[in-house]
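Trainee: I would like a close look at one part of this model, its salt bridges. Please take me through them slowly, and then place them in the wider picture.

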Amino acid sequence: MSIDSVFVHKMWNDNELSKMVKGGVPFPMLSDAGGRVGKVFGVYDEDAGVETRGRFIIDPDGVVQGYEVLTPPVGRNVMESFRQVQAFQLVRKSKGKEATPSGWRPGKMTLKPGPDLVGKVWEVWKTDMAFD
Amino acid sequence: MGKEMEVGCARPTGGPVGEKVEPEPAQQTLIPKEVSQMIRVGKKAPDFAAPAYHKGKFVSVKLSEYLGKWVLLCFYPGDFTFV
């Protein structure tokens with residue numbers, strides 16, 4: 001979503017993005033004239049008249065599970081967004097019985113929060129797991 | 001002749017020129033200023049509808065139509081920008 005019109009979205013997709021991604025952008029490119037939606041989400045820059053790089057993860061109940069907002073010059077890490085969605089999906093599937101510690105990726109161990117885990121995280125989770 | 005603009009990642013925008021118009025002094029009031037809605041994790045995302053371009057068609061997209069699915073909502077400064 002940006003403040004550009006749907007016509008500009010079409011030109012960008014048809015003339016540039018479709019050359020980077022076969023078939024063009026697969027998801028809807030939303031137009032937010034005047035930044036009305038961006039203001040509600042806190043990502044509209046009034047001075048520049050554009051939206052900053054806000055990214056929101058919204059679950060199937062419509063609840064915001066996480067967000068990240070960057071100023072324009074720095075791009076996002078798409079894989080990190082995917083990782084977070086996968087982590088939230090796992091937690092939701094386990095109905096909150098499992099948690100994903102720092103550095104978690106699909107396939108890596110999860111934590112089962114509860115009285116038995118208190119003071120014992122150091123036994124099952126090592127600091128180098130946050131960095132690999 | 002217009003001056004060539006340096007185009008960064010944000011779309012260049014215009015605005016009013018000339019003498020700065022001072023806003024009228026706000027009247028003293030006891031009514032608290034409306035607090036703008038903040039997004040909070042664990043709370044519902046505000047619903048919205050927006051026009052969109054999707055696979056060759058102009059459509060209208062409503063966030064609440066995606067209930068039951070995971071949504072990644074991304075804002076960005078402008079079409080044809082880098083990053």
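**A shared arginine and its surroundings**

Mentor: Happy to! Let's begin with Arg92(A) and Asp61(A), whose side chains meet in a salt bridge at 3.1 Å, N to O. Arg92(A) belongs to helix 3 of chain A and Asp61(A) to the loop between strand 4 and strand 5 of chain A, so this pair ties together parts 31 residues apart in sequence. By salt bridge I mean a side-chain nitrogen of Lys or Arg within 4 Å of a carboxyl oxygen of Asp or Glu. Helices (H or I, at least four residues) and strands (E, at least two) are DSSP runs, numbered from the N terminus.

A word on the ground rules: this is a predicted model, where local features need pLDDT of at least 70, side-chain atom pairs count only at pLDDT 80 or more, and totals for chains, interfaces and linings use all residues, while side-chain values use heavy atoms, with hydrogens and water left out. Residues are numbered from 1 along each chain as its sequence is written, and chains are lettered from A and ligands numbered from 1 in the order in which they are written.

Back to the arginine. A salt bridge also joins the side chains of Asp59(A) and Arg92(A), at 3.6 Å, N to O. This pair likewise links distant parts of the chain, with Asp59(A) in the loop between strand 4 and strand 5 of chain A and Arg92(A) in helix 3 of chain A, 33 residues apart. Asp59(A), Asp61(A) and Arg92(A) are thus linked in a network of salt bridges.

Which of these three are buried and which partly exposed? The cut-offs are under 20% relative accessible area for buried, over 50% for exposed, and partly exposed in between (1.4 Å probe, protein chains only). Asp59(A), at 5% relative accessibility, counts as buried. Arg92(A) is partly exposed at 35%, and Asp61(A) is partly exposed at 40%.

Helix 3 of chain A holds another salt bridge, between the side chains of Glu80(A) and Arg83(A), with 2.8 Å from N to O. Both residues lie in that helix, three residues apart, about one turn. Glu80(A) is partly exposed at 25%, and Arg83(A) is partly exposed at 23%. Over all chains, the structure holds four salt bridges.

Now step back to the chain around them. Chain A has four helices and five strands, running α-β-α-β-β-β-β-α-α from the N terminus. Of its 132 residues, 39% count as buried.

What about the partner chain? Across the interface of chain A and chain B, the rule finds zero salt bridges. There are, however, 17 residue pairs in polar contact between the two chains, both residues at pLDDT 80 or more. (A polar contact is a pair of N or O atoms within 3.5 Å; within protein, one must be able to donate a hydrogen and the other to accept it, and residues adjacent in sequence count only if both atoms are side-chain atoms.) Several elements of chain A each supply at least two residues of the side that touches chain B, including strand 4 (53-58), strand 5 (64-70) and helix 3 (78-93). Helix 1 of chain A gives the most, with 10 residues.

In total, 55 residues of chain A are in contact (heavy atoms within 4.5 Å) with 41 residues of chain B. The area buried between the chains is about 4,500 Å², of which carbon and sulfur atoms give 67%; buried area is the accessible area (1.4 Å probe) that two parts lose on being put together, summed over both.

Strands also cross between the chains; two strands pair if DSSP finds at least two bridges between them. Strand 4 of chain A runs antiparallel to strand 3 (residues 71-74) of chain B, joined by four bridges. Within that pairing, Ile57(A) has Leu72(B) as its bridge partner. Elsewhere, three strands form an open antiparallel sheet in the order 1(A)-1(B)-2(B). Its edge strands, each pairing on one side only, are strand 1 of chain A and strand 2 (57-62) of chain B. Strand 1 of chain A meets strand 1 (residues 49-54) of chain B over two bridges, with Leu30(A) partnered by Ala52(B). Ala52(B) in turn has Val59(B) as its bridge partner in strand 2 of chain B.
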